[in-house]
Amino acid sequence: MSNTVIVRRCEEYDREAIGAILKQGMEMLQYRPSGKVFVKPNVVFAFRSEIFGGNAFTAPPFVGASLSTLAGAPGVDRVDMGENCAVGMPTRLNYKHAGYYQEVKNVRSRASRPVGIFCMDEVLRDSVFVGGNVHDNLRISRKMARADSKVYLPKLKGHCVSNMTGAVKLNIGICSDDERAIRHDFLLNEKIVDLLTPGYPDFIAMDAIDVGVGNEAFPSPRKLGLILMGDNPVAVDLIGARLLGCGPHNVPYLKLAIERGYTPGAIEDVDLVGDITTIEDLDKHAERIHPYDDEFHRWQDVNKELDRLKSPMRFYFGPYRHQPPKKCDTGCVMGVKMFLGSMEKFAGAEAFAKANPVVMVVGRIDETIDAKGADVFLIGSCAKAKIVNARKIKHFDKCFTTASDLNLGMARKLGMPNVTTSMSTMLPIVGGMAAASFMKLIHGRYFQDMGHFLTKHLERRV
């Protein structure tokens, strides 16, 4: 582990060029993979790119070049790539729409060692010790837990609550859905830093060729033309954050990781090598993705976006507790941003202006809200407000409430086209869920989870 970050220029997703850069980076960092290698890409959401875009995941050529390079390294027995996508969407469906299955197939045809791809939400898990502020133990996929080496392939993107997502935050995807939801609220950043214990990669290659700006699940691409490599996720993310115009002070999980003692503590402590060797040159190159405009920060401020779309919908965001008053920026409000961001992609901006005048409430609101005959949605367990003149009030009594929850329980009330009424969208999702359930049964995952409940959780409840 070091504070070295290699920054290399790479304008296009050329597999041979990317592979050569990664091989050289591994040599410079003296990373010598051996035995069983686990690879973790970044696949938050990949589905119907003609509607939702195709920039929320590590680009397939980048993944293919990485797998080929690792499979060709001496001493490697096999390479397995795994991921668990955003809650509510089966990973296998995201893999398909990201083009990963075809990419792995192409790599296998040329590789001298076995190369596999698996869905973390379908396979057996092992319990690993964490000893963190949120997690004592965590159950992660067996192939990851028993790997001899871990390689992360994050996609550099903006994020609606963290401002950026990179190598450190990639660990959210090592959690299965049941444990992913634990403390996905005001303690989310504590959780993310906890996950560095079981999820500390030995080598990182960050896809910053085309970066994503705006909402992390539906980002707009901007050409940056860089590949970042390192063996320290905090160091890599400090450089990634700088490229997006951020510092650790406004990337909460980075700030917390440094406070907990992870190093380097500042970008000045990072040793930049490669094609960019100074912070000044880094800032100059970052100008390629300027301006840091409204598109760059799309769906970070819900009311600002509703005003932009001239929507009659109203959104109230209050603290989750009164004393001291503090808002939960990383829980249900993130679900709202993801949900409304997906609605804009699916229904179009014009549909927001014609939407029903619903009222959405996250947190506690002291003022009286006049619903003016509209439906009211209290989102999250802590949501509370005095509502008058409401047609109907529905409470999502869940912490945290996800975009999937809102799609299923709220989308039809907005008076806009939505995924739950589109057969062309729902049929693949349902089919993917059915296939994932079948594979869980085949792999014995259901039986393992039942056994864990009976031996652990049931005992605690009794």
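So, helix α11, residues 279-286: which of its residues are buried? They are Ile279, Leu282, His285 and Ala286. Buried here means under 20% relative accessible area, exposed means over 50%, and partly exposed is in between, with a 1.4 Å probe and protein chains only. Looking down the axis of α11, those buried residues fall within an arc of 120 degrees, so they line one face of the helix. The arc is taken from the directions from the helix axis to the C-beta atoms. If you're new to this, an α-helix has 3.6 residues a turn, so residues three or four places apart point the same way. On the face turned away from the buried side, α11 carries the exposed residues Glu280 and Lys284. And what covers the buried ones? The cover includes β1 (4-9), β10, α9 and β11 (271-274).

Quick word on where this comes from. It's a predicted model, where local features need pLDDT of at least 70 and side-chain atom pairs count only at pLDDT 80 or more, while totals for chains, interfaces and linings use all residues. Residues are numbered from 1 along each chain as its sequence is written, and side-chain values use heavy atoms, leaving out hydrogens and water. Helices (H or I, at least four residues) and strands (E, at least two) are DSSP runs, numbered from the N terminus.

Okay, salt bridges. I mean a side-chain nitrogen of Lys or Arg within 4 Å of a carboxyl oxygen of Asp or Glu. How many salt bridges does the structure hold? It holds 32.

One of them brings us back to α11: Asp283 forms a salt bridge with Arg242, with the closest N and O atoms 2.8 Å apart. That pair links distant parts of the chain, since Arg242 sits in helix α9 (residues 233-243) and Asp283 in α11, 41 residues apart. Asp283 is at 28% relative accessibility, so it counts as partly exposed, and Arg242 is partly exposed too, at 29%.

Next, Lys223 and Asp210 meet through their side chains, 2.8 Å from N to O. This one runs between strands: Lys223 is in β10 (residues 220-230) and Asp210 in β9 (residues 203-213), 13 residues apart. Lys223 is partly exposed at 28%, whereas Asp210, at 17%, counts as buried.

Then there's Glu344 with Arg308, 3.0 Å between the closest N and O atoms. Glu344 is in helix α13 and Arg308 in helix α12 (residues 302-308), 36 residues apart. Glu344 is buried at 17%; Arg308 is partly exposed at 32%. Elsewhere, salt bridges that share partners join Arg125, Arg139, Asp178, Glu179, Arg445 and Asp449 into one network.

Let's stay with α13, residues 332-347, which also holds Ser342. Is Ser342 buried or exposed? Its relative accessibility is 11%, so it counts as buried. The side chain of Ser342 reaches the backbone oxygen of Phe339 at 2.6 Å. Leaving aside neighbours within four places in sequence, Ser342 is in contact (heavy atoms within 4.5 Å) with Phe52, Phe218 and Asn407.

Last stop, the surface. Leu441, Tyr446, Phe447 and Met450 form a nonpolar patch there, with about 400 Å² of accessible area together. For patches, residues need over 30% relative accessible area and no salt bridge; like charges are joined within 9 Å, and nonpolar side chains (Val, Leu, Ile, Met, Phe, Trp, Tyr) within 5 Å. Accessible areas come from the Shrake-Rupley method with a 1.4 Å probe, and for residues only the protein chains shown count as cover. Helix α17 (residues 445-461) gives the largest share of the patch, three residues. Leu441 lies in helix α16 (residues 423-443) and is partly exposed at 43%.

How values were computed. A polar contact is a pair of N or O atoms within 3.5 Å; within protein, one must be able to donate a hydrogen and the other to accept it, and residues adjacent in sequence count only if both atoms are side-chain atoms.
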